[in-house]
Amino acid sequence: MTTLQQPQHPVLEAVVAITASLGQVSEANPAFMATDQKAATLVEIARAKAQLAELELRVFAAADDVAAESAARDVAAWLHHHTHQRPEALRADLRLAQALDRTYTLVAAAMRAGACNPAQAHVIVDALDDLPADLDPEIKTKAEDALVVYAREFDPTQLRRLGCRILDLIAPEIAEAEEAKRLAAEEAHARKKTRLAMRRLGDGTTRISAVVPDAAADRLATNLEAFASPRRDDGTRTDTGDYLPYDRRLGGAFCQLLETLDPTRLPIHGGDATTVIVTIDIDQLRKEAGIAQILGGTPITAAEARRLACTANIIPAVLGGDSEVLDLGRKERFFTAAQRRALLLRSATCEAEGCDIPGTWAEAHHWLAWAQGGATDLDNAALLCSHHHHRAHDAAYLHERLPNGDIRFTRRT
């Protein structure tokens, strides 16, 4: 008895013919091709790759039975086992195949014609999937058609940008409303995701991890850049004169930003505008190496407490031997806006000798420390950039006022 052989499907015949044709040129050397023929070949290969990719996706979408035959999870897993391709790429191709088969026929047709490559197809499908679910089907089809046309001129990166704004291009009358809805949903999602955690590392530092809305991050970045700009020399360079790495500059900028917050604009906290109280024993205050304590927080040096007392919004509480409050400073001791303007008229830059940091970036410093009875007036004020203000409270340095008004710093020997 003669067994009839099942005829090959045209798709398999075409693939076999392609591989056979490629076998015929496996030994051909393109180096001997004319320049115009090389150019034409490269373009044709790109078109052929797009067409072959579409054919693969078409078979992919219809190959559930192949996976079922061997109990594979899906055809992507089956193909990974048999061809050793990257599994994540195969899963992405399977999703694309299903999208083209069920929904996006115009993209599939463009690939069949060699006018849209797989990377462009992925971008187009992602853009169309991101459109509002309740969008008029006719508008969505119009968007698909427009993106397929754009694929003839734009690469995947450019096409992705166009895809994000496709409604502006094809339906501007509804784009603004849809964008507003999208942004509202995005902002609501961002508020739900907002987190901030602080963990003491035990070495004098705290790790701060946060997830915040993009708009808040933009505002924070703008504020930090004001302190971290390379144009500022205070706190942006190493001891050798090199610029600090950007992340270190931002870390220092964050600390400076906290010191400049105005507590009068913060919510009421414990019956008063949020204010940091630093407690320090009178004997510790008199020592160069004394220790203070942020109420409910971390120990700091007396020098740091004296520096913060000049500009940061803290209240210094000086304690006697039995923790009796000897002096509770008042925020009125801070230099006022009018006094700062007067200091700017007196000194356009930081008053440290040779420093040209603008006075608008500088801080008002009590020449005679508040702990020693120094008054908050112009005669007891010095305008110092952040770097030199730290040095003014650094026990390793001496500073003196020169006849011309400059302040000279010298390291203690």
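Buried residues, defined by a relative accessible area under 20% (exposed being over 50% and partly exposed in between; 1.4 Å probe, protein chains only), make up 31% of the 413 residues in the chain. The model is predicted, and local features therefore require pLDDT of at least 70 and side-chain atom pairs pLDDT 80 or more, whereas totals for chains, interfaces and linings use all residues. Residues are numbered from 1 along each chain as its sequence is written, and side-chain values use heavy atoms, with hydrogens and water left out.

The chain contains 17 helices and 13 strands, taken as DSSP runs numbered from the N terminus (helices H or I, at least four residues; strands E, at least two). Contacts are defined by heavy atoms within 4.5 Å. Among contacts between residues at least 6 apart in sequence, 51% join residues at least 24 apart.

A nonpolar core is a set of buried Ala, Val, Leu, Ile, Met, Phe, Trp, Tyr and Cys residues joined through side-chain atoms within 4.5 Å. The largest such core comprises 41 residues, of which Phe60, Leu100, Val107, Cys116, Ile124 and Ile170 touch the most other members. At least two residues of this core are supplied by each of α2 (35–61), α4 (75–83), α5 (87–102), α6 (105–112), α7 (118–129), α8 (137–150), α9 (156–164) and α10 (166–170). A second, separate core has 10 residues, including Cys350, Ile357, Leu384 and Ala392.

Helix α6 illustrates the packing in the largest core. Its buried residues include Val107, Ala108, Ala110 and Met111. These residues lie on the same side of α6, because they cover an arc of only 160° around the axis, the arc being that of the directions from the helix axis to the C-beta atoms. An α-helix has 3.6 residues a turn, so residues three or four places apart point the same way. The buried residues of α6 pack against α2, α5, α7 and α8. With residues up to four places away in sequence not counted, Val107 touches Leu100, Cys116, Ala121, Ile124, Glu144 and Val148. Just after α6, Gly114 adopts a positive phi of about 75°.

Positive phi values also occur in residues other than glycine. Ala71, with phi of about 60°, is placed in the loop between α3 (64–69) and α4 and is exposed at 69% relative accessibility. His84 has a positive phi near 60°; this residue lies in the loop between α4 and α5 and counts as exposed, with a relative accessibility of 66%.

Cysteine pairing was assessed with a disulfide defined as a pair of cysteine sulfur atoms within 2.5 Å; by this rule the count is zero. For Cys355, the closest cysteine sulfur is that of Cys350, at 3.8 Å, which is too far for a bond. The closest cysteine sulfur to that of Cys385 is likewise in Cys350, at 3.8 Å, again too far for a bond. Cys355 is buried at a relative accessible area of 15%, and Cys385 is buried at 1% relative accessibility.

Aromatic rings of Phe, Tyr and Trp (its six-membered ring) are paired if their centres lie within 6.5 Å, with planes under 30 degrees apart classed as stacked, over 60 as edge-to-face and the rest as tilted. One aromatic pair is found in the whole structure: Tyr150 and Phe154 are arranged edge-to-face, at 5.9 Å centre to centre and 65° between the planes. Tyr150 is partly exposed at 23% relative accessibility, as is Phe154 at 27%. A charge sits over a ring if NZ of Lys or CZ of Arg is within 6 Å of the ring centre and within 35 degrees of the ring normal; Arg401 lies over the face of Trp367, at 5.2 Å from the ring centre.
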